[in-house]
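User: I'm new to reading protein models and would love a friendly, close look at one part of this one. Could you then show me how the rest of the picture connects to it?

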Amino acid sequence: MAVGLFRAALALPLVEQWPFDHARIRLALGETHRRNHRPGEARPELRRAADLFRRTGATTWQRRAEQELRATGLAINTEPTTDTLTAQQLEVANLAATGLTNKEIAERLFLSPRTVSAHLYRVFPKLGITSRSALRDALASL
């Protein structure tokens with residue numbers, strides 16, 4: 001039922017005149033498809049939503065659409081920079097890239113292993129990677 005309503009909203013004349021609202025509808029449609037286990041139908045809607053959000057400058061919404069895209073199994077190609085990482089995230093990422101465990105990093109930086117894990121959890125999407133083994137190459141490309 002929701003899918004039909006979203007499609008009806010997208011079929012309205014001049015819907016593209018309001019890009020933010022247009023993107024919100026596409027995001028909601030993509031989220032609905034993904035949650036109904038139809039990632040193939042979700043991806044085009046989520047890509048379009050992320051692009052519209054990027055063009056309108058709605059970066060928080062853009063990140064949400066990209067996060068939904070990653071949840072469909074699609075890797076997002078972003079151009080990461082050191083500006084996107086905090087100083088502590090960069091330090092944790094560099095130590096993790098050398099092969100240290102979360103516990104070893106935590107001992108060196110006087111943090112808890114859980115805090116180290118949280119930093120890495122936030123670093124991976126910012127660098128456009130999904131595994132610890134890709135960390136060294138992603139940091140080198142910065």
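The close look I am asking for is at helix H6, so which of the residues in helix H6 are buried, and what covers them?

Analyst: Happy to help! Please keep in mind that this is a predicted model, and that every value below is computed from it.

Let's begin with the helix you picked. Helix H6 covers residues 102–109, and its buried residues are Asn 102, Ile 105, Ala 106 and Leu 109. Try reading those numbers along the chain with one general idea in mind. An α-helix has 3.6 residues a turn, so residues three or four places apart point the same way. Now turn the model until you look down the axis of H6: the buried residues fall within an arc of 100 degrees, so they line one face of the helix. The other side of H6 is another story, for Lys 103, Glu 107 and Arg 108 are exposed there.

What lies over the buried face? The cover includes helix H5 (87–97) and helix H7 (113–127). Just after H6 comes Phe 110, a residue with a positive phi, near 55 degrees.

Ile 105 deserves a closer look. Setting aside neighbours within four places in sequence, Ile 105 is in contact with Val 92, Leu 95, Ala 96, Leu 100, Val 116 and Arg 132. Ile 105 also belongs to the largest nonpolar core, which has 18 residues. Together with Leu 120, Val 123, Leu 127 and Leu 135, Ile 105 is among the members that touch the most others in this core. At least two residues of the core come from each of H5, H6, H7 and helix H8 (135–140), and H7 gives the most, with five residues. There is also a second core, separate from this one, with eleven residues, including Ala 23, Ala 42, Ala 65 and Leu 69. A general tendency helps here: in soluble globular proteins, nonpolar side chains tend to be buried together.

Now let's move along to the aromatic rings. A search of the whole structure finds three aromatic pairs. In one of them, the rings of Phe 20 and Trp 61 have centres 5.8 Å apart and planes at 85 degrees; planes over 60 degrees apart count as edge-to-face, so this pair is edge-to-face. The pair joins distant parts of the chain, as Phe 20 is in helix H2 and Trp 61 in helix H4, 41 residues apart. Both rings belong to residues that are partly exposed: Phe 20 has a relative accessibility of 30%, and Trp 61 has a relative accessible area of 23%. Ring pairs bring in Phe 53 as well, giving a cluster of Phe 20, Phe 53 and Trp 61.

The last piece of the picture is charge. The structure holds nine salt bridges. One of them joins the side chains of Glu 45 and Arg 7, at 3.7 Å from N to O. Glu 45 sits in helix H3 (residues 39–56) and Arg 7 in helix H1 (residues 2–10), so this pair ties together parts that are 38 residues apart in sequence. The two partners differ in their surroundings: Glu 45 is buried, with a relative accessible area of 9%, whereas Arg 7 is partly exposed, at 41%.

Arg 35 and Glu 68 form another salt bridge, with their closest N and O atoms 3.3 Å apart. Arg 35 belongs to helix H2 (residues 19–35) and Glu 68 to helix H4 (residues 59–71), so this pair ties together parts that are 33 residues apart in sequence. Here Arg 35 is partly exposed, at 49% relative accessibility, while Glu 68 is buried, with a relative accessible area of 9%.

A further salt bridge brings together the side chains of Arg 38 and Glu 41, at 4.0 Å from N to O. Arg 38 is partly exposed, at 30% relative accessibility, and Glu 41 is partly exposed too, at 39%. Salt bridges can also share partners, and in this way Arg 7, Arg 26 and Glu 45 are joined into one network. Arg 26 is found in helix H2 and is buried, with a relative accessible area of 17%. Apart from neighbours within four places in sequence, Arg 26 is in contact with Leu 10, Glu 45, Arg 48 and Ala 49.

To come back to your helix: the buried residues of H6 line one face, and H6 is one of the helices that supply at least two residues of the largest core.

Notes
Residues numbered from 1 in each chain as written. Predicted model: local features only at pLDDT ≥ 70, side-chain atom pairs only at ≥ 80, totals over all residues. Heavy atoms only, no water. Helix = DSSP H or I, 4+ residues; strand = E, 2+ residues; numbered from the N terminus. Buried < 20%, exposed > 50% of the residue type's maximum accessible area, 1.4 Å probe, protein only. Contact = heavy atoms within 4.5 Å. Arc of directions from axis to C-beta. Core = buried A, V, L, I, M, F, W, Y, C linked by side-chain atoms within 4.5 Å. Phe/Tyr/Trp six-rings, centres within 6.5 Å; stacked < 30°, edge-to-face > 60°.
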